[in-house]
Amino acid sequence: MGKEIERTGIPVTVMCNLIDVAKTVGSNRMVQTVSVPYPLGDPELSPEAEWQLRTSRVEAALNALATPVEEPTVFPSKF
Amino acid sequence: MKAIHYINQFFAGIGGEEMADQTPVFHDKLIGCSMMLNAMCKPDIEVTNTIVCGDNYITNHTEEALKEIFAFLDTKEFGIFFAGPAFMAGRYGVGCGIICKAVSERYHVPVITSMNEENPGVEEYKAAAYIFKGGRKATFMKQDVTPMAAFAKKIAKGEKLLPAAQEGYFPRGIRMEIPQPDGIMAADRVIDMLLKKINGEPFQTELIIPSMEKIPPAAPVKDLSKATIALVSSSGVVPVDNPDRIQSASAQKWGKYNIADRDNLPEGVYKTIHAGFDPAAMCAVPDRGIPLDAMRYFEKQGKIGKVYDWFYVTVGTGTTQAFAAKFGKEIAKELHDAGVDAVILTST
């Protein structure tokens, strides 16, 4: 899906857990998520820590959208 | 079981390029390679009719051609439809693809054809029809008709159909579960594979991902603080009543839901219908799947201009690449029309 959207010129950051799969299917901007059942959260964490985790990953994804890339690139996040 | 066979002007012996505009002709007596096909299909299947149509006519006047052919087929009883073989003839291949797809959709019967791998009809129609791997030119006629007939006979007799690679047609992008092939359990197979890998021997994955065309990275957003950003997801997070009835696995559609008045996706209002993982954590906090709350936070901070008023979602488990590509194209069009600058796509 992301590829077809990107093909039309709209940059896409794919946030997923299995980064290798995202690379295989041709994503160009990627941020790794926490897990499959809760990509952007963690029920084990306190609400504050979970919020920090989610905003940190989303911020990394937003920054990726504003960053030029030449090839498939994984953007790290703080939390 | 009865079958009907579609061929082009050349293989009907009407003529070549000069007759490619020929409108459909319907024969109650078999002509051309239909006779060979019928001989090979006996006694399980009887090929009753040959339909002939010019390659230009079906490819350039598809709607009219299909209308005429449907008017004929509506009066016939048949359980299988054949077209070709088309070898490497491009327009013939596309013509076979067009008619096979249309017949399959209208009459819900198996549709069988044959093409060379270089025929452009393969890429376009391999998901819609059984396209057997054929030779490059008409000297392969007998060789190419043989597997078409053999496969049709298996269908007619209700025999077990094997995966594409074993039957000899181009993979259709359909995944089937085969419990314990050859009676060997998954743990044994995966260790066999690992040992082969360690020993540098060739091995075959059971989850084949077709080789991928690379898309050059899109240019970055110039100014995030002025950008409209859309959320797209394969997490299956939908309004709690799943109004579009999106499938929980092997999805064949997507939905879009308005979030203009929402700061987050509350529990009980949204949930995930994804059947590929334990949904409890995501149902409790749907923003764990589609992080609207975090996006709103960055919108309020002024880091981004705007969160687009709709999110787009489907279910990613078991969904074929053909459907995923279709969804992507459809969603991309909407995003362009709405002036969306960039996308965050969350998947599981």
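This passage walks through chain B, its cysteines and its interface with chain A.

The structure is a predicted model, so everything below is computed from predicted atoms. Chain B is built from 11 helices and 13 strands. Its C-alpha trace spans about 75 × 50 × 40 Å along the principal axes. Of the 348 residues in chain B, 47% are buried. Contacts in this chain reach well along the sequence: taking those with a separation of 6 or more, 73% link residues 24 or more positions apart. The domain assignment splits chain B into domain 1, covering 2-167, and domain 2, covering 224-346. The C-alpha centres of these two domains of chain B sit 42 Å apart.

Anyone hoping for a disulfide will come away empty-handed, as a search of the whole structure turns up zero over all chains. Take C53(B) to start with. The closest cysteine sulfur to that of C53(B) belongs to C96(B), and because the two are 10 Å apart, they are too far for a bond. The neighbouring case goes the same way: C96(B) is in no disulfide either, with its nearest cysteine sulfur, that of C100(B), 6.2 Å away. For a disulfide the two sulfur atoms would have to be within 2.5 Å. As for solvent, C53(B) is buried, at 0% relative accessible area, and C96(B) is buried too, again at 0%.

C96(B) also turns up in the surroundings of T113(B), a residue of strand β5 (residues 111-115) of chain B. T113(B) has a relative accessible area of 0%, so it counts as buried. Leaving aside residues up to four places away in sequence, T113(B) touches A83(B), G84(B), C96(B), C100(B), Y130(B), I131(B), F132(B) and M148(B). With A83(B) there is a polar link as well: a polar atom of the T113(B) side chain lies 2.8 Å from the backbone oxygen of A83(B).

A39(B) makes a handy contrast. This residue is found in helix α1 (residues 34-41) of chain B. With a relative accessible area of 52%, A39(B) is exposed, since the cut-off for that label is over 50%. The C-alpha atom of A39(B) is 26 Å from that of F70(B), a residue 31 positions apart from it along the chain.

Turning to the interface, 46 residues of chain A are in contact with 51 residues of chain B. Together the two chains bury about 4100 Å², and 70% of that area is on carbon and sulfur atoms. On the chain A side, M1(A), I10(A) and L62(A) supply 18% of the area that chain A buries against chain B, more than any other three residues.

There is a polar side to the interface too. Between chain A and chain B, 14 residue pairs are in polar contact, counting pairs with both residues at pLDDT 80 or more. Three salt bridges cross the interface. E50(A) forms a salt bridge with R288(B), and the closest N and O atoms of that pair are 2.5 Å apart. The elements giving two or more residues to the side of chain A that touches chain B are α1 (2-7), β1 (12-16), α2 (19-24) and α3 (47-65) of chain A. Of these, α3(A) gives the most, with 10 residues.

Key: Residues numbered from 1 in each chain as written. Chains lettered and ligands numbered in written order. Heavy atoms only, no water. Domains from an automatic or database assignment. Buried < 20%, exposed > 50% of the residue type's maximum accessible area, 1.4 Å probe, protein only. Contact = heavy atoms within 4.5 Å. Buried area = accessible area lost by both parts, 1.4 Å probe. Salt bridge = Lys/Arg side-chain N within 4 Å of Asp/Glu carboxyl O. Polar contact = N/O pair within 3.5 Å; in protein donor to acceptor, adjacent residues only side chain to side chain. Helix = DSSP H or I, 4+ residues; strand = E, 2+ residues; numbered from the N terminus.
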